[in-house]
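Here is a walk through one chain, going from a single residue out to the overall fold and back to the rings. Have the structure open as you read.

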Amino acid sequence: MGDRFEIQPSDLLTNVPGLRKTLRVTAIEGDVVELNHGALVMTALGALVKNKQGTYDPPYGGYPVEFQVGKSWSGRATLQTHDGEVHELQRSSKIVARETITVPAGTFHTYVIEVSAFVNQRSQIIKLWIDPRYGQPIKSEVMARKGARIVRSDREELAAINAPRS
């Protein structure tokens, strides 16, 4: 409870920064974690239950219990948007490396996860740098295409953190 993550987004292609956002753990019930008073709800292993797009059934994505280079997993879910639309989602993930990275919040020893996802007729290639001690990526990059056209190119880096770990 109370962990706070400040995230600095930027465009992956142009490096133009976006507005910083803050995620704060505001409730924990069983293995479900609520951030920003329910604006984001996820499992303890990082799978999405609810976010600004809608709700996910079953929870979508997430991380393995045990991090090991070479481990792979996949999943499917249905996203129901706030306006009632339904989208089928699928993704395949693999831990491809260990890497020490430095972001504005400091230096972290991470596992690198590569994800291929298909969402609403768009293919996404996602790269995540995860320190298993935290429930949020230290860094992420997302490149989404619809056909040959790039429709999303995002980078997020941890800019500040208040989440003490031993």
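## Starting at Ser140

Ser140 has 10% relative accessibility, so it counts as buried. Keep in mind that this is a predicted model. Ser140 belongs to strand 11. Leaving out residues up to four places away in sequence, Ser140 touches Lys127, Leu128 and Trp129 on one stretch of numbering, and Asp154, Arg155 and Glu156 on another.

A couple of those names come up again with Ile138. With the same sequence neighbours left out (up to four places away), Ile138 is in contact with Ile101, Val103, Phe108, Thr110, Trp129, Asp131, Glu156, Glu157 and Leu158. Trp129 also has a charge to deal with: Lys139 lies over its face, 4.7 Å from the ring centre.

## The barrel

Now zoom out. Twelve strands make a closed barrel, in the order 1-2-3-4-5-6-7-8-9-10-11-12, and the pairing is antiparallel. From one strand to the next, the twist averages 25 degrees. As a reminder, strands of a sheet pair through backbone hydrogen bonds, either parallel or antiparallel.

What joins strand 1 to strand 12? Strand 1 and strand 12, which covers residues 149-162, pair antiparallel over eight bridges, and Pro9 stands opposite Glu156 of strand 12. On its other pairing, strand 1 (residues 4-11) runs antiparallel to strand 2 (residues 21-29), with four bridges joining them. Ile7 has Lys21 in strand 2 as its bridge partner.

## The 11-12 hairpin

Strand 11 takes in residues 139-146, and it pairs with strand 12 in the antiparallel sense through eight bridges. Lys146 stands opposite Arg149 in strand 12. The two strands form a hairpin with two residues between them, and Gly147 in that turn has a positive phi of about 70 degrees.

## The nonpolar core

Which residues touch the most other members of the largest nonpolar core? That core has 35 residues, and the answer is Leu35, Tyr60, Phe67, Ile113, Leu128 and Ile138. Strand 9 supplies the largest share of this core, with seven residues. Ile138 is the residue whose contacts were listed earlier, Trp129 and Glu156 among them, and Leu128 is one of the residues that Ser140 touches.

## Rings that pair up

The model has four aromatic pairs. Take Tyr56 and Tyr60: their ring centres are 6.0 Å apart and their planes are at 5 degrees, so this pair is stacked. Both Tyr56 and Tyr60 are buried.

Phe67 and Tyr111 make another aromatic pair, this one tilted, with 5.2 Å from centre to centre and 40 degrees between the planes. This pair ties together distant parts of the chain, 44 residues apart: Phe67 is in the loop between strand 6 (54-61) and strand 7 (72-81), whereas Tyr111 is in strand 9 (residues 106-119). Are these two buried or exposed? Phe67 and Tyr111 are both buried.

Tyr63 joins in as well, since ring pairs link Tyr63, Phe67 and Tyr111 into a cluster. Tyr111 also has a charged neighbour: the charged end of Arg98 sits over its ring, 4.2 Å from the centre.

Methods:
Residues are numbered from 1 along each chain as its sequence is written. This is a predicted model: local features need pLDDT of at least 70, side-chain atom pairs count only at pLDDT 80 or more; totals for chains, interfaces and linings use all residues. Side-chain values use heavy atoms; hydrogens and water are left out. Rings of Phe, Tyr and Trp (its six-membered ring) pair if their centres lie within 6.5 Å; planes under 30 degrees apart count as stacked, over 60 as edge-to-face and the rest as tilted. Buried means under 20% relative accessible area, exposed over 50%, partly exposed in between (1.4 Å probe, protein chains only). A charge sits over a ring if NZ of Lys or CZ of Arg is within 6 Å of the ring centre and within 35 degrees of the ring normal. Two strands pair if DSSP finds at least two bridges between them. Axes are lines fitted to C-alpha atoms, for helices over the stretch in contact, and angles run from 0 to 180 degrees between N-to-C directions. A nonpolar core is a set of buried Ala, Val, Leu, Ile, Met, Phe, Trp, Tyr and Cys residues joined through side-chain atoms within 4.5 Å. Contact means heavy atoms within 4.5 Å.
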